[in-house]
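Open the model in your viewer and keep the selection box handy. We will walk from one stop to the next, and at each I will tell you what to pick and what is there.

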Amino acid sequence: MTSDQQGWPLYEVFVRGKRGLNHVHVGSLHAADDAMALTHARDLYTRRNEGVSIWVVRSEHIAASTRDEKDPFFAPSADKVYRHPTFYDIPEDVPHI
């Protein structure tokens, strides 16, 4: 009998690598509870000691936008011109802008 057949919830796994600044989704797994999910995530996704931090989140707790709502969902950000540095001149000697 597989873990899915036992009714264990599905967890999404995110790992931050040694050189990474953020967590990246690396896969999913079934586990009986949060502690087991962390242990299994460590064993499955950081076997070569490449991770420094692991997040596990029950899939049912993730809220996401859909492809169908892409345009209307992100449209309000286009009318916020104050978020873009277009109201002043950037000096030539300022790097990386």
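Where does Asn-49 lie? Select Asn-49 and you will find yourself in the loop between α1 and β3; helices here are DSSP runs of H or I with at least four residues, strands are runs of E with at least two, and both are numbered from the N terminus. Before going further, note that this is a predicted model: local features need pLDDT of at least 70 and side-chain atom pairs count only at pLDDT 80 or more, while totals for chains, interfaces and linings use all residues. Residues are numbered from 1 along each chain as its sequence is written, and side-chain values use heavy atoms, with hydrogens and water left out.

Stay on Asn-49 for a moment. Most residues other than glycine have a negative phi. Asn-49 is not a glycine, yet its phi is positive, about 60°. Asn-49 also counts as exposed because its relative accessibility is 56%; on this scale buried means under 20% relative accessible area, exposed over 50%, and partly exposed in between, using a 1.4 Å probe and protein chains only.

**The whole chain**

Zoom out and switch to a cartoon view. The protein chain has two helices and three strands, and along the sequence they follow the pattern β-β-α-β-α. Of the 97 residues in the chain, 14% are buried.

**The sheet**

Next, select the three strands together. They form an open antiparallel sheet in the order β2-β1-β3, where two strands pair if DSSP finds at least two bridges between them. β2 (24–30) and β3 (51–58) are the edge strands, each pairing on one side only. On average, neighbouring strands of this sheet are turned by 25° against each other, direction ignored; the axes are lines fitted to C-alpha atoms, for helices over the stretch in contact, and angles run from 0 to 180 degrees between N-to-C directions.

Now add helix α1 (residues 34–45). This helix packs on the sheet and touches β1, β2 and β3, contact meaning heavy atoms within 4.5 Å. The direction of α1 makes about 120° with that of β2.

To see the strand pairing, start with β1 and β2. Six bridges join these antiparallel strands, and a hairpin connects them through six residues. Pick Val-13, and you will see Gly-27 standing opposite in β2. Then turn to β1 and β3, which pair in the antiparallel sense over seven bridges. Here, Val-15 has Ile-54 of β3 as its bridge partner.

**Glu-12**

Select Glu-12, in strand β1 (residues 10–17). What is the nearest side chain of opposite charge to Glu-12? That is Arg-58, 11 Å away, and Glu-12 is buried without a salt bridge. For charge, Lys and Arg count as positive and Asp and Glu as negative, while His and the chain ends are not counted; a salt bridge is a side-chain nitrogen of Lys or Arg within 4 Å of a carboxyl oxygen of Asp or Glu.

Show the side chains of Ser-28 and Ser-59 as well. The Glu-12 side chain makes a polar contact of 2.6 Å with that of Ser-28, and another of 2.5 Å with that of Ser-59. A polar contact is a pair of N or O atoms within 3.5 Å; within protein, one must be able to donate a hydrogen and the other to accept it, and residues adjacent in sequence count only if both atoms are side-chain atoms.

**His-23 and Phe-14**

Move to His-23, in the loop between β1 and β2. His-23 counts as buried because its relative accessibility is 19%. Its side chain makes polar contacts with the side chains of Ser-53 (2.8 Å) and Trp-55 (3.3 Å). Among the residues that His-23 touches is Phe-14, which you can select next in strand β1. Try a distance label from Phe-14 to Val-57: they are 43 residues apart in sequence and 8.4 Å apart in space, C-alpha to C-alpha.

**Two salt bridges**

How many salt bridges are there to visit? The count comes to two.

- Arg-42 and Asp-43: their closest N and O atoms are 3.0 Å apart. Arg-42 is partly exposed at 46%, and so is Asp-43 at 39%.
- Arg-58 and Glu-60: their side chains meet at 4.0 Å, N to O. Arg-58 is partly exposed at 29%, whereas Glu-60 is exposed at 58%.

Conventions. Lists of a residue's contacts leave out its neighbours within four places in sequence.
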